[in-house]
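This report sets out the architecture of one protein model. It moves from a single strand to its sheet, then to the metal site, the recorded positions and the overall dimensions.

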Amino acid sequence: MRIVLLGAPGAGKGTVAKQLTAFDGSVQISTGDLLRAAVKAGTPLGRQAQAYMERGDLVPDRLIMGMVEQRFQEHPGEGFILDGFPRTIPQAVSLGLLLKGLDLPLHLVVNLAVPEEVILDRLTTRRTCSNPGCNAIYNVKSNPPAPDGTCRACGCSVIQREDETPAAIARRLEVYRQQTNPLVGHYQRTGLLLTVEELDTAAIVKTIAGALATQVA
Ligand SMILES: [Zn+2]
C-alpha cells in the first residue's frame with residue numbers, strides 16, 4: 001500500500017500506521033525519523049539539516065523532500081505509510097510530483113478526524129518517563145505510572161512534557177488547523193481522501209483496509 005496519514009497531534013497516526021504495517025509489510029515513514037537517521041549517519045542532506053537545527057531554525061522543505069526521495073529510491077517497490085507528512089500544501093505538491101516521477105501513485109490519503117476535545121483529553125493525560133533512555137509513556141487515566149509517580153519500567157520520575165500542557169496543546173492544534181487542514185481540501189480534489197471518524201484503533205484500521213481493498217485491486 002502507498003498511503004498518507006493526516007491527523008492532528010494526538011489523533012493516533014503513529015499507532016494506526018504501526019497496525020497497517022502488519023498488513024503487507026509496508027513500512028511506516030515519518031520525516032522526523034528520516035531526519036534523525038540522516039543526521040546520525042552524517043549523509044550530505046543530514047549534515048545540511050543539522051546546521052539549521054543547531055541554529056534553532058526549521059529544516060527547509062527541500063532538504064526534507066530530498067530525504068523522502070532518497071528513501072523511496074533506496075527501497076524501490078516498497079509499500080509505505082507516510083505518518084504526519086506532508087504537513088503543508090507546498091510539501092503535498094512536491095510529494096505529488098516526486099511520486100509521479102517515480103510512477104508510485106498514492107492509493108489513499110486517510111484523514112483521522114478526531115474531535116479536539118478528545119485530543120485534548122488524550123494529550124493532557126499523557127505522562128512521559130524523564131529518563132531519556134527509557135521514555136516510557138503513561139496515561140493518568142488508562143495506564144498510570146506507579147502509585148508514587150515513578151516509571152514502572154525504570155523507576156525514574158514521570159513528567160508531563162512541556163508541549164503536552166493544555167496551553168501548549170491548544171497552540172499545536174491551532175498551528176495544525178492553519179497549516180494542515182488545507183491539505184484535506186487538496187486531497188479531496190484528487191479523489192483519494194478517506195475521512196475516518198472512528199476513535200478505536202481496530203475500527204480505524206478496518207475502515208482503512210476496506211477502502212484499500214477497492215483502491216489497490
Ligand atoms: Zn522509565
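## Strand β6 and Ile137

Ile137 is located in strand β6. The model is a predicted one. With a relative accessibility of 47%, Ile137 is classed as partly exposed, because exposed residues must be over 50% and buried ones under 20%. Setting aside residues up to four places away in sequence, Ile137 touches Arg126, Arg127 and Asn143.

## The three-stranded sheet

Strand β6 belongs to an open sheet of three strands, arranged in the order β6-β5-β7 with antiparallel pairing. The edges are occupied by β6 (137–139) and β7 (158–159); each has a single partner strand, so one side of each lacks a neighbour in the sheet.

Strand β5, which covers residues 126–129, pairs with β6 in the antiparallel sense over three bridges. Within this pairing, Arg126 has Asn139 of β6 as its bridge partner, and Arg127 stands opposite Tyr138, also in β6. The pairing of β5 with β7 is likewise antiparallel and runs over two bridges. Here Thr128 stands opposite Ile159 in β7. In a regular strand, side chains alternate between the two faces of the sheet.

## The zinc site

Which residues coordinate the zinc ion? The donors are the SG atoms of Cys129, Cys134, Cys151 and Cys154, at 2.3 Å. Along the chain, these donors follow the spacing C-x4-C-x16-C-x2-C. The angles among the four donor atoms are 97 to 115°, and the site is tetrahedral. It meets that description because all angles of a four-donor tetrahedral site must lie between 85 and 135 degrees. For four tetrahedral donors, the ideal angle at a metal is 109.5 degrees.

The coordinating cysteines can be placed relative to the strands. Cys129 falls within the residue range 126–129 of strand β5, and Cys129 is buried, with a relative accessible area of 2%. Cys134 lies in the loop that joins β5 and β6; with a relative accessible area of 26%, Cys134 is partly exposed. Cys154 lies in the loop between β6 and β7 and is also partly exposed, at 33% relative accessibility.

Contacts link these residues to one another. Apart from neighbours within four places in sequence, Cys134 is in contact with Cys129, Cys151, Ala153 and Cys154. On the same basis, with residues up to four places away left out, Cys154 touches Cys129, Asn131 and Cys134.

## Positions listed in UniProt

An unreviewed UniProt entry lists Cys129, Cys134, Cys151 and Cys154 under "binding site". These four positions are spread over 26 residues of sequence, yet they cluster in space, with a largest C-alpha distance of 9.0 Å. The zinc ion is coordinated by the SG atoms of these cysteines in the model.

Under "binding site", the unreviewed UniProt entry also lists Gly10, Ala11, Gly12, Lys13, Gly14, Thr15, Arg126, Ile137, Tyr138 and Leu199. Among them, Gly12 lies in the loop between β1 (2–7) and α1 (13–24). Gly12 is partly exposed, with a relative accessible area of 23%. Excluding its neighbours within four places in sequence, Gly12 is in contact with Leu112 and Arg122. Ile137, another of the listed positions, has Arg126 among its contacts, and Arg126 is itself listed.

## Overall architecture

The protein contains eight helices and eight strands. Its radius of gyration is 18 Å, close to the 17 Å that the globule rule gives for 217 residues, so the protein is as compact as a globular protein of that length. Taken along the principal axes, the C-alpha atoms fill a box of roughly 55 × 40 × 35 Å.

How much of the protein is made up of buried residues? Buried residues account for 42% of the 217 residues. Of the contacts between residues at least 6 apart in sequence, 66% join residues at least 24 apart.

How values were computed. Residues numbered from 1 in each chain as written. Predicted model: local features only at pLDDT ≥ 70, side-chain atom pairs only at ≥ 80, totals over all residues. Heavy atoms only, no water. Donors = N, O, S within 2.8 Å, 3.2 Å for Na, K, Ca; no water. Tetrahedral: all angles 85-135°; square planar, octahedral: opposite > 155°, others 65-115°. Buried < 20%, exposed > 50% of the residue type's maximum accessible area, 1.4 Å probe, protein only. Pairing = 2+ DSSP bridges. Helix = DSSP H or I, 4+ residues; strand = E, 2+ residues; numbered from the N terminus. UniProt positions renumbered as here; feature names shortened; annotations may be inferred. Contact = heavy atoms within 4.5 Å. Rg over C-alpha atoms; globule rule 2.2 N^0.38 Å.
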